[in-house]
Amino acid sequence: MSSDGCWDVHSQSVLTHDGGGDAAGIISMVKWVVQNKNGDADRVYVAGHSSGGMSTNILLGSYPEVFQAGAVYAGVPFGCFGTGTVDSLGWNTECAQGKISKTGVEWGDMVRAAYPGYAGPRPRLQVWHGTKDDVLYFQNFKEEIKQWTNVFGISE
């Protein structure tokens, strides 16, 4: 976690499969439970709100083979916080305010670049976002829709 108590959702390490960082720590815990506590690898899900929602997108994008599904509440697209200007705490105002807009292909390419060559199934996904969110603006919901529909190969 960063010094402000939020998950790292901007560094190249978390935007890369097996790259390290917070995402690798979470994956390590999930794999340990599956291997040592009789966890069912076919029933691993992730959900989060705000920073946790952003982290959910990171986990689903960087580690699609681990999760069956995820739910993002008030997040931003995978890779958005790593785009543009990131302050010393890892905060990206342009992304948070929904000022970073890309095509579905551009967003989708960010997810695909996290795990080049991955051809397996992608986790199912729900995305939720309130229209009055004044921290992570609602435009991010629209950008997430563009991103994940492109990754899944379905229409917006």
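**Note on salt bridges, the disulfide and helix α1**

1. Glu143 and Lys146 are 3 residues apart in helix α5 (residues 139–152), which means that about one helical turn separates them. Their side chains meet in a salt bridge, with an N to O distance of 3.0 Å. Both Glu143 and Lys146 are buried. The model is predicted, and the remarks here should be read accordingly.

2. A search of the whole structure returns 2 salt bridges. Besides the pair in helix α5, Asp109 forms a salt bridge with Arg112, the closest N and O atoms lying 2.8 Å apart. Asp109 and Arg112 are likewise 3 residues apart, in helix α4 (residues 104–114), and so about one helical turn lies between them. Asp109 is partly exposed, at a relative accessible area of 40%, and Arg112 is also partly exposed, at 31%.

3. The search of the whole structure finds 1 disulfide. The bond joins Cys80 to Cys95, with an S to S distance of 2.1 Å. The link of Cys80 and Cys95 is right-handed, with 130° about the S-S bond. Cys80 lies in the loop between β2 (69–73) and α3 (93–96), whereas Cys95 lies in helix α3, so the pair ties together parts that are 15 residues apart in sequence. Cys80 counts as buried because its relative accessibility is 1%; Cys95, at 0%, counts as buried too.

4. Why does Cys6 form no bond with the closest cysteine sulfur? The sulfur of Cys6 is 13 Å from that sulfur, which belongs to Cys95, and this is too far for a bond; the cut-off for a disulfide is 2.5 Å between cysteine sulfur atoms. Cys6 is partly exposed, with a relative accessible area of 26%.

5. Helix α1 (residues 21–36) comprises 16 residues and reaches 22 Å from its first C-alpha to its last, close to the 22 Å expected at 1.5 Å a residue. Its buried residues are Asp22, Ala23, Ile26, Ile27 and Val30. These cover an arc of only 135° around the axis, and therefore lie on the same side of α1. Met29 and Gln35, on the other side of α1, are exposed.

6. What covers the buried residues of α1? The covering elements include α2 (51–62). Just after α1, Asn38 adopts a positive phi of about 60°.

Terms used: Residues are numbered from 1 along each chain as its sequence is written. This is a predicted model: local features need pLDDT of at least 70, side-chain atom pairs count only at pLDDT 80 or more; totals for chains, interfaces and linings use all residues. Side-chain values use heavy atoms; hydrogens and water are left out. Helices (H or I, at least four residues) and strands (E, at least two) are DSSP runs, numbered from the N terminus. The expected span of a helix is 1.5 Å times one less than its number of residues. Buried means under 20% relative accessible area, exposed over 50%, partly exposed in between (1.4 Å probe, protein chains only). The arc is that of the directions from the helix axis to the C-beta atoms. Contact means heavy atoms within 4.5 Å. A salt bridge is a side-chain nitrogen of Lys or Arg within 4 Å of a carboxyl oxygen of Asp or Glu.
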